[in-house]
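Colleague: Could you walk me through how to read a ligand site and the fold around it? I would like the general idea and then the case at hand.

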Amino acid sequence: MSFKTVAVIGAGQMGQGIAQVFATAGFNVILNDIDSAAIEKGLATLTRSLNKLADKELLSEDPAIIAGRITGSTDFSALVAAELVVEAATENEALKHKIFSQLDKICPASTVLASNTSSISITRLAAVTERPDKVVGLHFMNPVPLMKLIEVIKGLQTSEETYQSMLEVADKLNKTAVTSQDRPGFIVNRILMPMINEAIFTLYEGVGNAAEIDEAMKLGAAHPMGPLALADLIGLDTCLSIMQVLNEGFSDSKYRPCPLLKQMVDAGYLGRKTGRGFYQYD
Ligand code: CAA
């Protein structure tokens, strides 16, 4: 399979980063969102990121040429032009099922439908379509332009051809692919999220304050950033929904979300994107 035009659903922090790396690799990109303001914000953020990378001479082309390959659209029917769709909507299974069912009706039968889900079953997403062999997980890490990894997740129905085409895509994006079976949380979040959740329990129980917990993990375990700062970067709503998927998927209370995480999400303290999480942001 060779892809030229890629559609990205959702212009949030993951969607905009995914659009950016595809455009940087020479693909034409349709960045779709139901909210035109979100598209404008996404395009502005990825342009800043491209300019920053250009300043560091990390791009082989002018950032304006790369950004020029990305077209924003609120029109779902525009997705008919895409040979590959990467869904990066909110981490909500019912919403993703609705999107995949709509994509299946609009897109040509040959179009591959990938999800950037961080934990939801690819097998169940595939089952809502008439092309389950062409549904696959393509999980990017945040911040997408800087992180080298892509998890490729094979649903039970994913064909070998679809899977191989995602390995080729990862290669073209200059990322390293790791294959995960379709189990809750895949590999990265199965390991990372319980650690972040435990850091939140450590704060909740007063073992240390946020700065101490993060400093301990940075200097004591050589993590590039502390787990609470990382939770703020990922988004506390996303962290909570991943813990819920793990908790329900494994029916094991060791994955129960910390009450403080739930409370912060209830308060709208979602991390960097809302200006407040475990830390305050401008
Ligand atoms: N585009 C371009 N440049 C960016 C950028 C972006 N999107 N994000 C950050 N940068 C730049 C910063 O502006 C900064 O540039 P300057 O040095 O010129 O100021 C540079 O990158 C380094 O950033 P920082 O100084 O802020 O911090 P850092 O050296 O610690 O690097 C980091 C930042 C790469 C994010 C690093 O802290 C890191 O690797 N953190 C861990 C990230 C991680 O674990 N991600 C995975 C999360 S899990 C996930 O995503 C999966 C999921 O499903 C939840």
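Modeller: Happy to! Let us begin with residue classes: Ala, Val, Leu, Ile, Met, Phe, Trp, Tyr, Cys and Pro count as nonpolar, Asp, Glu, Lys and Arg as charged, and the others, Gly among them, as polar. Keep in mind as we go that this is a predicted model.

Colleague: Thanks. How do the residues of the shell around the ligand divide into nonpolar, polar and charged?

Modeller: The shell holds 11 nonpolar residues, five polar ones and two charged ones. In total, 18 residues surround the ligand, and the closest are Ser49, Lys56, His139, Asn142 and Asn189.

Colleague: Which polar atoms should I look at around the ligand, and how far away is Ser49?

Modeller: For a polar contact, look for a pair of N or O atoms within 3.5 Å. Ser49 places a polar side-chain atom 2.6 Å from a nitrogen atom of the ligand. With Asn142 the backbone is involved: one of its N or O atoms lies 2.7 Å from a ligand nitrogen. Lys56 has a side-chain N or O atom 2.9 Å from an oxygen atom of the ligand. As for cover, the ligand taken alone exposes 1100 Å², and the protein buries 63% of that.

Colleague: Which helices each supply at least two residues of the shell?

Modeller: Try mapping the shell onto the fold. The helices that each give at least two residues are α2 (36-55), α7 (188-204) and α9 (227-234). Helix α2 has the largest share, with three residues. You can map the shell onto domains too: domain 1 (5-181) and domain 2 (189-274) each contribute at least three residues.

Colleague: Now the whole protein: how many helices and strands are there?

Modeller: The protein has 11 helices and eight strands. Its radius of gyration is 19 Å, close to the 19 Å that the globule rule gives for 282 residues, so the protein is as compact as a globular protein of that length. The C-alpha trace spans about 55 × 45 × 30 Å along its principal axes.

Colleague: And burial? Is Ser115 buried or exposed?

Modeller: The cut-off for buried is under 20% relative accessible area. Ser115 has a relative accessible area of 0%, so this residue is buried. Across the protein, 49% of the 282 residues count as buried. Ser115 sits in strand β5 (residues 112-115), and its side chain reaches the backbone nitrogen of Thr117 at 3.0 Å.

Methods: Residues are numbered from 1 along each chain as its sequence is written. This is a predicted model: local features need pLDDT of at least 70, side-chain atom pairs count only at pLDDT 80 or more; totals for chains, interfaces and linings use all residues. Side-chain values use heavy atoms; hydrogens and water are left out. A residue is near a molecule or strand if one of its heavy atoms lies within 4 Å of it. A polar contact is a pair of N or O atoms within 3.5 Å; within protein, one must be able to donate a hydrogen and the other to accept it, and residues adjacent in sequence count only if both atoms are side-chain atoms. Accessible areas come from the Shrake-Rupley method with a 1.4 Å probe; for residues, only the protein chains shown count as cover. Helices (H or I, at least four residues) and strands (E, at least two) are DSSP runs, numbered from the N terminus. Domain bounds come from an automatic or database domain assignment. The radius of gyration is taken over C-alpha atoms; the globule rule is 2.2 Å times the number of residues to the power 0.38. Buried means under 20% relative accessible area, exposed over 50%, partly exposed in between (1.4 Å probe, protein chains only).
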